[in-house]
Protein chains: 2
Amino acid sequence: MAKVNKTKYALLGVLSLTSGSGYDIKKFCDSTIAHFWNENYAHIYPVLKDLEAEGLVSKTAEQNEGRPPKSVYSITDKGREELHQWLILPVEDSPHRIELLLKLFFSSDLPLENIIEKLTEARKKHESLLEDYQKAEDLLKADESLKDNKGLPLWLSTISFGKYHAEAMLKWCEETIQAIQK
Amino acid sequence: MAKVNKTKYALLGVLSLTSGSGYDIKKFCDSTIAHFWNENYAHIYPVLKDLEAEGLVSKTAEQNEGRPPKSVYSITDKGREELHQWLILPVEDSPHRIELLLKLFFSSDLPLENIIEKLTEARKKHESLLEDYQKAEDLLKADESLKDNKGLPLWLSTISFGKYHAEAMLKWCEETIQAIQK
DNA sequence: GTATCCATGTAACCAGTTACATGATTGC
DNA sequence: GCAATCATGTAACTGGTTACATGGATAC
């Protein structure tokens, strides 16, 4: 079986929350799910076309004074059903590749400073991520308009995931820097 | 800039530790770096050919009684240099896609049991991984022949990474199951 | 006699990235 | 005047996956 196009479901997911153009979808992704899912224009636009051809989304031209009309996509009932069918399926876990670990594994002939530099970089990155997640969590929790939104606990859980992950990575970086210096 | 072929460096890395056939390389990967790096035959064989054409590895036919000769690849000085040059470069972090989180984010209309099922699956998976890592660590530490191997601390660190990660995921799964049930 | 391991590959496919291309509007 | 943002796409490439194909040796 060919690998399923996950972008398809990501776009359906976004459109299930709010209609919008390809550009809007990209913005939405960047501001909400970017820490665990990325999409780029070169993929969004062709997949939107495919989705429309399949009848999973519909396109309407929205007039904009002064600007060329914008293509606004909305999810159809068929699209909602297709999304639902995918959501209830068990998660397929795809193998991940962690370049830092690959380098580390083969780095026994490298100068120690170079290895420590990489680990320090990683620590900094995750420190900064941790702050980002904390801010995002605070913002979400403070948003009155979302107080009773049934999606809120799930959205918060994706941020919590990031926090747990970043904290674990911080600790690992520190431990490893200690371990290899001995 | 086109994306660099990381498989190339993975293969050079493996061959920098021990010579072997494509088959041997795959086995090595599966038993040592599989938890953060995967390779498959369909990629290994053509890349080995490329590496040979570039003069980064050399091939010798090893006679095997009863069996067809085996192609044994060894890293060349040029290959070692190429690997080194890549190893000292900073790590490029590539975006990862976490399907569980994508589903979670859009799952507010799903039955709660279905979501909990997914989280329970994930918890089980990471529990089992944690055990695997612990065993791997124990084995590595008990191996007398590796006692003074300069690679050991780095290899252990990749396992420690897995442990930190799995522990964090366990906690997150439990917390999230609690949070969404309220 | 059957399953697993050893061993090497090819073909087809597709997902995703980078670079290229265009052009209007808004804010500084 | 310039940068950033809005807005939509195409072309070229390549990395990686799955499925297909083959066949001997060994262990149970």
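# A tour of the predicted two-chain model

Start with chain A, where the domain assignment gives domain 1 (6–88) and domain 2 (99–181). Keep in mind as you click around that this is a predicted model. Colour the two domains of chain A separately, and you can check that their C-alpha centres lie 29 Å apart.

**Stop 1: two crossing helices in chain A**

Select helix α1 (residues 6–17) and helix α3 (residues 41–53) of chain A; their axes come within 10 Å and cross at roughly 80°. That angle falls in the 65 to 115 degree range, so α1(A) and α3(A) count as roughly perpendicular to each other. Now show side chains. On the α1(A) side of the contact you'll find T7(A), K8(A), L11(A), L12(A) and L15(A). Facing them from α3(A) are H43(A), I44(A), V47(A), L48(A) and L51(A).

**Stop 2: a lysine over a tyrosine, in each chain**

Stay in chain A and pick K26(A) and Y41(A). Here K26(A) lies over the face of Y41(A), at 5.9 Å from the ring centre. Hop to chain B and pick K26(B) and Y41(B): the charged end of K26(B) sits over the ring of Y41(B), 5.9 Å from its centre.

**Stop 3: the aromatic pairs**

How many aromatic pairs does the structure hold over all chains? There are 15. For one of them, select F105(A) and F36(B). Their ring centres are 6.3 Å apart and the planes sit at 50°, so this pair is tilted. F105(A) belongs to helix α5 (residues 99–105) of chain A, while F36(B) is in the loop between α2 (22–32) and α3 (41–53) of chain B, so the pair joins two chains. Are these two residues buried or exposed? Both F105(A) and F36(B) are buried.

For another pair, go to Y23(B) and Y41(B). These two rings are stacked, 5.9 Å centre to centre with 10° between the planes. Y23(B) comes from helix α2 of chain B and Y41(B) from helix α3 of chain B, 18 residues apart, and the pair links distant parts of the chain. Turn on a surface here: Y23(B) is partly exposed, with a relative accessible area of 47%, and Y41(B) is partly exposed too, at 33%. Y41(B) is also the ring that K26(B) sits over.

Before moving on, widen the selection around F105(A) and F36(B). Together with F106(A), F28(B) and W155(B), they form one aromatic cluster.

**Stop 4: the start of α5(A) and its chain B neighbours**

Select E99(A), in helix α5 of chain A. Its relative accessibility is 6%, so E99(A) counts as buried. Which residues does E99(A) touch, not counting residues up to four places away in sequence? The list is K6(B), W37(B), W86(B), P90(B), V91(B) and E92(B).

Next, select K103(A), also placed in helix α5 of chain A. This lysine is buried, with a relative accessible area of 1%. Leaving out residues up to four places away in sequence, K103(A) touches K118(A) in its own chain, along with W86(B), L87(B), L89(B), P90(B) and V91(B). Try a distance label as well: the C-alpha atoms of K103(A) and D93(A) are separated by 23 Å, with the two residues 10 apart along the chain.

**Stop 5: F106(B) against chain A**

Jump to F106(B), in the loop between α5 (99–105) and α6 (112–142) of chain B. F106(B) is buried, with a relative accessible area of 6%. Apart from neighbours within four places in sequence, its contacts are A10(A), G13(A), V14(A), S16(A), L17(A) and L87(A).

**Stop 6: a group of histidines**

Finish with H126(A), in helix α6 (residues 112–142) of chain A. H126(A) is buried, with a relative accessible area of 9%. Setting aside residues up to four places away in sequence, H126(A) touches H165(A), A166(A), M169(A) and L170(A).

From there, select H165(B), found in helix α7 (residues 152–181) of chain B. H165(B) has a relative accessible area of 18%; buried means under 20%, so H165(B) makes the cut. Which residues is H165(B) in contact with, leaving aside its neighbours within four places in sequence? They are H165(A), M169(A) and H126(B). Both H165(A) and M169(A) also appeared among the contacts of H126(A).

Technical notes:
Residues are numbered from 1 along each chain as its sequence is written. Chains are lettered from A and ligands numbered from 1 in the order in which they are written. This is a predicted model: local features need pLDDT of at least 70, side-chain atom pairs count only at pLDDT 80 or more; totals for chains, interfaces and linings use all residues. Side-chain values use heavy atoms; hydrogens and water are left out. Rings of Phe, Tyr and Trp (its six-membered ring) pair if their centres lie within 6.5 Å; planes under 30 degrees apart count as stacked, over 60 as edge-to-face and the rest as tilted. Helices (H or I, at least four residues) and strands (E, at least two) are DSSP runs, numbered from the N terminus. Buried means under 20% relative accessible area, exposed over 50%, partly exposed in between (1.4 Å probe, protein chains only). A charge sits over a ring if NZ of Lys or CZ of Arg is within 6 Å of the ring centre and within 35 degrees of the ring normal. Domain bounds come from an automatic or database domain assignment. Axes are lines fitted to C-alpha atoms, for helices over the stretch in contact, and angles run from 0 to 180 degrees between N-to-C directions. Angles under 35 degrees count as roughly parallel, over 145 as roughly antiparallel, 65 to 115 as roughly perpendicular and the rest as oblique. Contact means heavy atoms within 4.5 Å.
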